[in-house]
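The following note sets out points on the model for a colleague's consideration. Please read them alongside the coordinates.

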Amino acid sequence: MSNSHPIPAGIVRVSLLGAVNAYLVPEDDGLTLVDTTMKGGVKKIVAAAEKLGKPIVRVLLTHAHDDHVGGLDALAERLPGVEVLISTRDARLLAGDTTLDADEPQTKIRGGLKGARTAPTRTIVAGDRVGSLLAVAAPGHTPGQLAFLDERDGTLICGDAYATLFGVATCAKGKATFPLPALATWHKPTALQTARDLRALDPQRLAPGHGPVVDAPGPEMDRAIARGC
Ligand SMILES: [Zn+2]
């Protein structure tokens, strides 16, 4: 488990206390910021982008929980004209609508859902491409979570489908040492299926919302899936 050497595509992890992550993804037209951490993380994100010498041109959100969208309003103020992208499904959560669709498991959506004043400039669905990133369905933690596979180097930015703090775990079955992602998970059987689907992509490295980037994560993903939900 290491985050000490560079990721080939140049993705940079920005982390609050090693626990809450955002990622800067270099593209030809600037940087895509994946997730925003919390309001207090904005300064660190902006400083990391300045160090890379490229502007943040878009903010891409894995899901609508507070620890992923909490910096969005402050960033949108600092970056006029920035593109803001989230799944069509989780855009409803971002806008404060926590209702369920008739064809979804009728379980209350969990986790911090204060939403944001900033509206997405565009909503996306699995299969869409955002620069070098392919959006992959990752429901379960929230109904509309997306993961993003960098097709240049096989890095999977997985939101909270997996966490790696104190070891790799799915959000269907958290670690006793870091139970938060599992506690904030809407529907665990769906989350477990997502964990399997993401494993099937055979990522070269796993870049989670919480914890360090893990290289060659396949065996650890397998063990996490085997723990069930
Ligand atoms: Zn979350």
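1. In this predicted model, Thr 32 has Arg 58 of strand 4 as its bridge partner. The strands concerned are strand 3, residues 30-34, and strand 4, residues 56-60; they run parallel and are joined by 4 bridges.

2. Strands 3 and 4 belong to an open sheet of 6 strands, whose order is 1-2-3-4-5-6 and whose pairing is mixed. Its edges are formed by strand 1 (12-16) and strand 6 (122-124), each of which pairs on one side only. From one strand to the next, the twist averages 25°.

3. Which strands does helix 1 lie across? Helix 1, comprising residues 42-52, lies across strand 1, strand 2 (20-27), strand 3 and strand 4. Relative to strand 1, the helix runs at about 155°.

4. For the protein as a whole, the secondary structure amounts to 7 helices and 14 strands. The radius of gyration is 16 Å, close to the 17 Å given by the globule rule for 229 residues, so the protein is as compact as a globular protein of that length. The C-alpha trace spans about 45 × 40 × 30 Å along its principal axes.

5. Two further values describe the packing of the chain. Of the 229 residues, 48% count as buried. Among contacts with a separation of 6 or more, 63% are accounted for by residues 24 or more positions apart.

Note on methods. Residues are numbered from 1 along each chain as its sequence is written. This is a predicted model: local features need pLDDT of at least 70, side-chain atom pairs count only at pLDDT 80 or more; totals for chains, interfaces and linings use all residues. Two strands pair if DSSP finds at least two bridges between them. Helices (H or I, at least four residues) and strands (E, at least two) are DSSP runs, numbered from the N terminus. Axes are lines fitted to C-alpha atoms, for helices over the stretch in contact, and angles run from 0 to 180 degrees between N-to-C directions. Two residues are in contact if their C-beta atoms, placed from the backbone, lie within 7 Å. The radius of gyration is taken over C-alpha atoms; the globule rule is 2.2 Å times the number of residues to the power 0.38. A residue is buried if 20 or more other C-beta atoms lie within 10 Å of its own, exposed if 12 or fewer, and partly exposed in between; C-beta atoms are placed from the backbone.
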